[in-house]
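Trainee: I would like to go through this protein one question at a time. Please put it on the screen.

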Amino acid sequence: MTLRTARRSSLVDQVIEQLRGEITGGGWPVGAKIPPEPALAEALGVGRNTVREAVRALTHAGLLESRQGDGTYVRATSELSGAVRRRLETAELVEILEVRRGFEVEAARLAAARRTEADIAAIALALARRDAAWAAGDHDAFVEADLAFHTSVVEATHNRVLTDLYRDFSAALRASIGAAGSLLEHADVPHGPIAAAVEAGDADAATRAAHACLDQILASATSGRPTTTS
């Protein structure tokens, strides 16, 4: 009896890790609907009960979300991201922006001191895509491009802990922004000064630019004037 329990637990754990790998590896991005239970059972060569337990575990962890009558969707890329997303769903916009400022101001400062030529190119490309999405009036593309810009700055810090934490935070932030409606109805906050300061290797200027960006957004949020939250 004990051996059967151990074997079954091990099998469920293996399925959990395979499903988790699809999520963290980008095979199933946030917001995507995962294959139905019978298809997963066939692909993995296991019983439907095993798949059901694995999906239930990942749902409990916050990575998946079951929608009755519709299916199961990817909610987050990690347990931390799932927890952060749940917390952001009940947070005030001002609180979210204050946390973003803590991440992004320090990231800009470190990026200016540590960026490589490859980092500079990645930041410039992300900024160009952000501006293009804004000009095209494409809300979904703008949200993705804006978060990609900030992520590229964070990655230029070459601080793996900061990068991982920001990725989890930004995954939750993406859902928060997407649920808030069209950002393109509001005024944009220029991000070029951040990119320019990082490229110049000027940590003080990068800090000021990031502060100015988030302060402008925060001031608009607290005063009721419309602006983007990105």
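Mentor: One definition before anything else: buried means under 20% relative accessible area, exposed over 50%, and partly exposed in between, with a 1.4 Å probe and protein chains only. This is a predicted model, in which local features need pLDDT of at least 70, side-chain atom pairs count only at pLDDT 80 or more, and totals for chains, interfaces and linings use all residues. Residues are numbered from 1 along each chain as its sequence is written, and side-chain values use heavy atoms, with hydrogens and water left out.

Trainee: Is histidine 158 buried, partly exposed or exposed?

Mentor: Histidine 158 sits in the loop between helix 7 and helix 8; helices (H or I, at least four residues) and strands (E, at least two) are DSSP runs, numbered from the N terminus. Its phi is positive, about 60°, although the residue is not a glycine. Because its relative accessibility is 46%, histidine 158 counts as partly exposed.

Trainee: In what order do the elements run from the N terminus on?

Mentor: The protein has ten helices and two strands. From the N terminus on, the order is α-α-α-β-β-α-α-α-α-α-α-α.

Trainee: Which helix gives the largest share of the largest nonpolar core?

Mentor: A nonpolar core is a set of buried Ala, Val, Leu, Ile, Met, Phe, Trp, Tyr and Cys residues joined through side-chain atoms within 4.5 Å. The largest one has 24 residues, and Ile123, Phe149, Val153, Ile194, Val198, Ala206 and Cys213 have the most contacts inside it. Two or more residues each come from helix 5 (93-114), helix 6 (117-136), helix 7 (139-155), helix 9 (192-200) and helix 10 (203-223). The largest share, eight residues, comes from helix 10.

Trainee: Which residues does isoleucine 194 contact, leaving aside neighbours within four places in sequence?

Mentor: Contact means heavy atoms within 4.5 Å. Isoleucine 194 is among the residues with the most contacts inside the largest core. Leaving aside those neighbours, its partners are Ala108, Phe149, Val153, Ala209, Ala210 and Cys213.

Trainee: How many residues of helix 7 are buried?

Mentor: Helix 7 reaches 24 Å from its first C-alpha to its last, close to the 24 Å expected (1.5 Å times one less than its number of residues). Among its buried residues are Phe142, Leu147, Phe149 and Val153. Helix 7 is mostly covered, and the buried count out of its 17 residues is twelve.

Trainee: Is threonine 163 buried or exposed?

Mentor: Threonine 163 lies in helix 8 (residues 160-179). Leaving aside neighbours within four places in sequence, threonine 163 is in contact with Val154, Glu155 and Thr157. Because its relative accessible area is 12%, threonine 163 is buried.

Trainee: How far apart in space are tryptophan 134 and aspartate 188, C-alpha to C-alpha?

Mentor: Tryptophan 134 is found in helix 6, and its relative accessibility of 25% makes it partly exposed. Tryptophan 134 and aspartate 188 are 54 residues apart in sequence, while the C-alpha to C-alpha distance is 8.3 Å.

Trainee: How many contacts beyond four places in sequence does the model have for residues 1-6?

Mentor: pLDDT is the predictor's confidence in each residue, from 0 to 100. The protein averages 84, and 84% of the residues score at least 70. Where pLDDT is low, the predicted coordinates should not be read in detail. Over residues 1-6 pLDDT stays under 50, and the number of such contacts is zero.
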